[in-house]
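Dear colleague,

Please find below the structure that I am handing over to you. I would be grateful if you could read the notes beneath it alongside the coordinates.

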Amino acid sequence: MTSVRIRDLTKRYGDVAVVDGLTFDVPAGAVTGFLGPNGAGKTTTLRMLVGLARPSAGEALIDGRAYRELREPRRTVGAVLESGGFHPGRRGRDHLRILAGSAGLPAARVDEVLDEVGLGNAAHRRVRTYSLGMRQRLGLAGALLGDPGLLVLDEPANGLDPAGMAWLRGLLRRRAASGGTVLVSSHVLAEVAQTADHIVIVHEGRLRHEGAAGADLEQTFLQATGVGHAG
């Protein structure tokens with residue numbers, strides 16, 4: 001099982017602390033919902049966790065190591081932090097083949113993950129013909145290539161229709177049930193309420209709440225953040 005430990009994590013841009021002394025754990029074998037209003041520091045925290053930004057202070061550890069110290073990062077962490085990054089003229093299958101080759105992963109995984117995310121019949125199409133929801137699925141396929149113990153997802157439900165959201169919910173629950181660690185940032189509280197076992201709420205870069213997902217997530221969110229709405 002893959003462990004995640006965030007300790008006194010801070011990111012400053014000039015005099016502004018976007019993330020300010022954040023400390024929490026992400027339990028294995030569970031889906032953790034990472035919540036907060038827009039600008040709360042969620043994406044910046046995830047970027048530091050997966051090595052895309054360097055902390056000003058503190059640490060974000062995966063199995064006791066910073067991301068840059070992992071021996072096989074693609075087999076340890078699968079991350080989707082944005083739905084872009086695809087060459088529009090490249091076919092879906094070819095995009096994944098390039099990712100697999102660059103990470104030293106078996107080519108056989110490409111068709112396996114395409115089937116897992118429901119893109120098997122669209123693998124031959126060029127990415128420019130994909131809807132936003134299909135691009136989200138392609139990003140997830142790339143994250144799953146290494147069969148990682150940890151999934152880190154930033155707003156993965158964007159662009160998904162109700163059937164797609166139900167599919168995503170099932171995927172995340174299956175990963176957690178098999179012992180995986182899932183950390184998912186989302187602003188769709190109703191969806192998180194159906195999926196998460198554990199929640200972490202941040203506001204203005206600081207931890208406001210951490211614990212088991214309760215029955216009234218919206219009320220917990222509003223009390224923790226003090227904002228006037230849950231959007």
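The notes below cover confidence, pockets, the cavity and helix packing.

This is a predicted model, in which local features need pLDDT of at least 70 and side-chain atom pairs count only at pLDDT 80 or more, while totals for chains, interfaces and linings use all residues. Residues are numbered from 1 along each chain as its sequence is written, and side-chain values use heavy atoms, with hydrogens and water left out.

Confidence

The protein has a mean pLDDT of 93 (the predictor's confidence in each residue, from 0 to 100), and 97% of its residues reach 70 or more. Among the elements (DSSP runs numbered from the N terminus: helices are H or I with at least four residues, strands are E with at least two), β4 has the highest mean pLDDT, 98, and helix α7 (residues 189–195) the lowest, 91.

Pockets

Empty space was sought on a 1 Å grid over the protein atoms alone: a pocket is an open set of points with protein on both sides within 12 Å along at least five of seven lines, a cavity is a set where a 1.4 Å probe fits but cannot get out, and lining residues have an atom within 4 Å of a point. Grid points are joined across faces, edges and corners, and a volume is the space filled by probe spheres set on the points.

The largest pocket holds about 580 Å³ of space. Its lining comprises 20 residues, and L52, R74, A79, V80 and L81 lie nearest the centre. Two or more lining residues come from each of α2 (73–76), β5 (77–80), α3 (92–103) and α5 (132–144); β5 supplies the largest share, four residues. By class, the lining has 11 nonpolar, six polar and three charged residues (Ala, Val, Leu, Ile, Met, Phe, Trp, Tyr, Cys and Pro count as nonpolar, Asp, Glu, Lys and Arg as charged, and the others, Gly among them, as polar).

The second largest pocket has a volume of about 230 Å³. It is lined by 14 residues, of which M48, P55, A66, Y67 and R68 are the closest to its centre. Here α1 (42–49) and β4 (57–62) are the elements that give two or more residues, and β4 gives the most, four. This lining divides into eight nonpolar, two polar and four charged residues.

Cavity

The structure holds one cavity of 30 Å³ or more, and the volume of the largest cavity is about 110 Å³. Its lining consists of P156, A157, L168, R169, L172, V184, S186, E191, V192 and T195, with α6 and α7 as the elements that give two or more residues. Six of these lining residues are nonpolar, two polar and two charged.

Helix packing

Axes are lines fitted to C-alpha atoms, for helices over the stretch in contact, and angles run from 0 to 180 degrees between N-to-C directions. Angles under 35 degrees count as roughly parallel, over 145 as roughly antiparallel, 65 to 115 as roughly perpendicular and the rest as oblique.

- The axes of α5 and helix α6 (residues 162–177) come within 13 Å and cross at roughly 10 degrees, so α5 is roughly parallel to α6.
- The axes of α3 and α5 are 10 Å apart, at an angle of about 25 degrees, so α3 is roughly parallel to α5.
- The axes of α3 and helix α4 (residues 108–116) are 9 Å apart, at an angle of about 130 degrees, so α3 is oblique to α4.

Yours sincerely
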